[in-house]
Structures are given as structure tokens and as C-alpha cells.
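Work through the exercises below with the sequence and the model at hand. Each task is followed by a solution in steps.

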Amino acid sequence: MGTRAGIVVTGTEVLTGRITDRNGPWLADRLLELGIELAHITICGDRPADLTAALRFQAEAGVDLILTTGGLGPTADDLTVATVAEFSGRELVLDVELEHRIAAILRRLMERYPGADFEAVMAANRKQAMVPAGATILDPVGTAPGVIVPGPPTVVVLPGPPRELQEMWPAALATHTVQQAIAGRTQYRQETVRMFGIPESELADTLRHAEALVDGFDRLEITTCLRRGELEIVTRYEPGQAQSYRELIALLAEKHRAELYSTDGTTVDDQVAALLAGHRIATAESCTAGMVAARLTDRAGSSDYVMGGAVVYSNAAKTAVLGVDPDLIAAHGAVSEPVAEAMAAGARQRFDVDTAVAITGIAGPGGGTDEKPVGTVCFSVTSGESRLTRTLLLPGNRADIRERSTTVAMHLLRTVLLAP
């Protein structure tokens with residue numbers, strides 16, 4: 001069965017949505033890398049009874065390891081360590097050496113605040129030196145130490161701030177107690193492929209066929225996710241099932257050759273960044289408000305090829321900034337292929353580049369017509385002598401349309417850059 005783990009995220013601010021949980025997904029990825037099956041992620045508020053219930057739920061699910069995040073601070077609502085001690089049947093004791101370490105950290109921090117009452121602050125932080133008897137202490141990254149309480153199930157108590165948790169994780173993983181708890185883990189391989197221009201229902205149909213054709217298909221753990229208008233297919237398998245995975249990819253490539261653009265996990269952004277070597281690019285955007293430029297610049301070395309971008313909503317801006325002919329706009333409308341092409345040409349001239357992406361569309365709400373409803377987006381991508389212009393009707397609200405538009409633009413750009 002291997003090793004199973006559970007994650008308990010604490011914090012009323014996370015439970016109520018004021019803060020988005022970043023620790024649960026991050027720890028889930030780390031567990032997956034280790035070949036540990038994640039059974040559950042639960043979120044509970046800063047109430048001892050609810051935290052105890054979450055810990056019991058995980059234990060009753062048969063996990064070998066429970067990871068908790070948050071609730072290690074000096075305030076009255078930070079009760080994770082005390083609650084874990086009670087859950088584990090261990091006495092809470094003062095670790096004098098840890099108290100001295102916390103005091104040294106506080107002295108350094110309080111040098112920024114002349115006149116502050118150190119003893120008052122230390123009194124509030126002393127509770128952070130109270131740990132379950134027999135627990136392994138993880139050195140603080142901030143002021144809060146982590147603790148590891150032997151099981152079963154073993155409980156690893158980690159801080160809430162993501163930076164502190166992530167920095168503390170390697171030390172927790174290296175401890176003898178955690179290594180014992182995860183000794184039965186299975187080593188998995190994980191591969192990612194990406195597809196664009198295919199609905200989930202069509203992929204689901206292909207996977208149903210694969211189930212009958214691929215020997216060992218049932219040993220492949222396949223997860224599909226719609227992300228930014230693309231399909232991301234993540235497959236986890238034991239090394240002995242490598243041939244089954246190769247057969248699956250061969251089937252996908254045969255049936256969806258045009259849509260399967262990445263078999264090594266690279267994103268379209270990664271591929272475009274590589275293809276832009278030796279080029280200079282600029283963007284001209286209306287409904288996407290600079291989001292394509294942002295994706296292009298979100299790569300190391302992007303300043304070598306991204307020269308700039310123009311966000312032009314009004315017709316006057318399209319004319320003044322990009323030189324789009326007002327008569328062209330009057331004849332075809334701002335959301336049209338001729339105007340998109342003129343915007344791309346204007347961006348090339350304005351920024352003195354060889355490659356340009358232009359987008360003009362109606363993201364809504366409102367503003368659409370029967371002829372051009374909300375979601376109508378026109379694209380034009382040009383590089384050298386190559387040009388690709390498209391009009392699509394994209395579903396969703398404003399945010400969906402914008403995000404899908406940027407993905408379409410990146411794929412059109414990839415196609416143009418790959419053209420001979």
C-alpha cells in the first residue's frame with residue numbers, strides 16, 4: 001500500500017478565504033515527489049476542538065504521516081503545538097535551550113525598535129518554547145520552531161508563513177523520525193504532456209479507448225486539468241510501468257498529433273521563449289490589457305527579445321500610438337481582422353521589431369452585438385514574412401476571455417515561429 005500522508009492547514013483566516021492556502025498545494029507536490037500518497041488535505045480554524053477533530057480524521061484514515069501548517073505564533077489563537085501534544089498523549093514541557101534560542105532571535109529583531117520592552121515580548125513568545133515531550137525540534141526560520149512528534153501517526157508541525165515552511169521542510173524530511181514514518185513509500189515517476197485545441201470530452205473518449213488498448217493502463221494514475229485553456233495531463237506510475245506509459249503517449253500522438261504540443265512537460269511559454277532567440281518582439285493589445293506582454297516577459301532573458309508593448313483600448317489610441325488608419329476602423333470596426341493586422345504592423349514599426357502579436361476583442365460584460373458578441377477576439381501574429389490572423393469566439397466571463405486570449409496568442413506565436 002505504500003506510505004500515506006495527510007495535511008492539516010490551520011488558520012481561521014485561511015478557512016474564511018481571507019488568505020489563500022499556499023502551503024497545502026506546495027506540500028502536496030513535495031509528497032508526490034517522494035512517492036507518498038496524499039490521502040486528504042483539511043482546513044480548520046484556530047479552535048482546538050476542530051484541530052483535534054481534523055487530526056483524528058486523518059489518523060482514522062490510516063495515514064502514516066500528518067503535516068500541520070500554521071498556529072505556531074505567540075498569540076492566544078496559536079494553539080497547534082498544544083493541541084498536537086494532547087492528541088498524541090504527550091505532556092507539554094518547556095525546552096530551556098529552545099527558549100534561549102528564541103530569545104536570541106528576538107533580541108536581534110528588536111534592535112530595530114529602540115525602547116521596546118524585551119521582557120514583555122519574550123513573555124509572549126515563551127509559549128513557542130513549549131513542546132511535546134519527546135518531540136524533535138526544528139530550528140526556527142522566523143521565531144517559531146517546528147516540532148516532530150513520533151507516531152503512529154507521526155505529526156510534523158510546520159509554521160504558517162510559506163517562506164518559513166518551505167525553508168524548514170528539508171530539515172524535517174531529514175530527521176530520523178520522518179524517515180522512519182515514510183520508509184514504506186513507493187518511488188514513482190511523473191510525466192506531464194500538454195494539449196491545446198481539444199475539449200476534455202474528446203480526450204476522455206481517447207483515454208477510454210486507451211484503457212482497452214494499452215496493457216497495464218490500470219497501473220497508470222492519470223490526472224487531467226484544464227489550465228489557461230489548455231489540457232495538462234499528468235501521469236504517475238511505478239518504474240515497471242514505463243512501457244505502458246510510452247504506449248499511452250504513442251496513442252495520444254497518433255490520434256491528436258496537431259493538439260499534442262508538449263510531451264516533456266514544457267509549457268507553450270517555455271517553447272516560445274526558446275523560439276524567440278534571435279528575434280525582437282512587441283505586442284499591441286486591447287482587451288487583454290498587456291497580459292500577453294506579461295507572459296512574454298515572465299522568463300529569464302526576456303529583455304533580449306521583448307522590446308515593448310502598447311495597450312490601446314480606444315480607437316484614438318490605436319491611431320495615435322500604432323498608426324491604425326481611422327477609415328479602416330470605421331469600415332470594419334475596432335474588433336476585426338483588418339484592424340488586428342494593422343495593430344501588429346504598427347507595433348512592428350513603432351518598436352522596430354521583426355515579430356509582433358496583436359489582440360483586439362470584446363471581453364465584456366456588455367459591449368457585444370449580435371454580429372460580434374462578447375467573447376469575440378481577433379488575433380494577428382506576424383514574424384518576418386509570416387502572418388497568422390484568426391477570429392475566435394471564446395467562452396466565459398471577462399477574466400476567462402482574457403486568459404484564454406493570451407493562451408491562444410502564445411500558440412499562434414509558436415506556430416508562426418515554427419513556420420519554415
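Two strands count as paired if DSSP finds at least two bridges between them. The model used throughout is predicted.

**Exercise 1. The four-stranded sheet**

Task: State the strand order of the open sheet formed by four strands, and find which strands stand at its edges.

Solution.
1. The order is β10-β11-β9-β12, and the pairing is antiparallel.
2. β10 (221-227) and β12 (260-262) each have a single partner strand, so one side of each is left without a neighbour in the sheet.
3. On average, neighbouring strands here are turned by 30° against each other, direction ignored.
4. Take one pair in detail: β10 and β11 (residues 230-237) are antiparallel and share seven bridges. Within this pair, Cys 225 has Glu 232 of β11 as its bridge partner.
5. Helix α9 (residues 200-213) packs on the sheet and touches β9 (189-196), β10 and β11. The direction of α9 makes about 165° with that of β10.

**Exercise 2. The six-stranded sheet**

Task: Give the order of the open sheet formed by six strands, then name helices that pack on it.

Solution.
1. The order reads β2-β1-β3-β8-β7-β6, with mixed pairing.
2. β2 (37-44) and β6 (136-138) are the edge strands, each pairing on one side only.
3. The average turn between neighbouring strands of this sheet is 15°, direction ignored.
4. Strand β1 (residues 4-10) runs parallel to strand β3 (residues 65-69), and five bridges join them. Leu 65 in β3 is the bridge partner of Ala 5.
5. Helix α2 (residues 23-34) touches β1, β2, β3 and β8 (154-158), and its direction is at about 165° to that of β1.
6. Helix α4 (residues 80-87) touches β1, β3, β7 (146-149) and β8, and its direction is at about 175° to that of β8.

**Exercise 3. Strand β15**

Task: Decide whether β15 is largely enclosed or open, and identify strands joined to it.

Solution.
1. Seven of the seven residues of β15 are buried, so the strand is largely enclosed by the rest of the structure.
2. In a regular strand the side chains alternate between the two faces of the sheet.
3. Here Thr 355, Val 357, Ile 359 and Gly 361 point one way, while Ala 356, Ala 358 and Thr 360 point the other way, and all are buried.
4. Strand β13 (residues 281-285) runs parallel to β15 and is joined to it by five bridges. Glu 285 stands opposite Ile 359.
5. β16 runs antiparallel to β15, with seven bridges. In that pair, Thr 355 stands opposite Ser 383.

**Exercise 4. The largest nonpolar core**

Task: Find which element gives the most residues to the largest nonpolar core.

Solution.
1. This core has 27 residues; Val 272, Ile 281, Leu 296, Val 357, Ile 359, Phe 379 and Leu 413 touch the most other members.
2. At least two residues come from each of α11 (268-275), α12 (291-297), β15 (355-361), β16 (376-383) and α16 (398-418).
3. The answer is α16, with eight residues.
4. A second, separate core of 23 residues includes Ile 36, Leu 65, Met 168 and Ala 172.

**Exercise 5. Cysteines**

Task: Explain why Cys 287 forms no bond with the closest cysteine sulfur.

Solution.
1. A disulfide is a covalent bond between the sulfur atoms of two cysteines.
2. The cut-off for such a pair is within 2.5 Å.
3. The closest cysteine sulfur to that of Cys 287 belongs to Cys 378 and is 9.1 Å away, too far for a bond.
4. Cys 287 is also buried, at 4% relative accessibility.
5. For the structure as a whole, the number of disulfides is zero.

**Exercise 6. Backbone exceptions**

Task: Locate the cis peptide bonds that involve Pro 152, and check the phi of Ala 289 and of Asp 352.

Solution.
1. Most residues other than glycine have a negative phi, and most peptide bonds are trans.
2. Gly 151 and Pro 152 are joined by a cis bond with omega about 10°, and Pro 152 and Pro 153 by another with omega about -15°.
3. Pro 152 lies in the loop between β7 and β8, as does Pro 153.
4. Ala 289 has a positive phi of about 50°; it sits in the loop between β13 and α12 and is partly exposed, at 35%.
5. Asp 352 has a positive phi near 55°; this residue is in the loop between α15 and β15 and is exposed, at 57%.

Conventions
Residues are numbered from 1 along each chain as its sequence is written. This is a predicted model: local features need pLDDT of at least 70, side-chain atom pairs count only at pLDDT 80 or more; totals for chains, interfaces and linings use all residues. Side-chain values use heavy atoms; hydrogens and water are left out. Buried means under 20% relative accessible area, exposed over 50%, partly exposed in between (1.4 Å probe, protein chains only). A nonpolar core is a set of buried Ala, Val, Leu, Ile, Met, Phe, Trp, Tyr and Cys residues joined through side-chain atoms within 4.5 Å. Axes are lines fitted to C-alpha atoms, for helices over the stretch in contact, and angles run from 0 to 180 degrees between N-to-C directions. Contact means heavy atoms within 4.5 Å.
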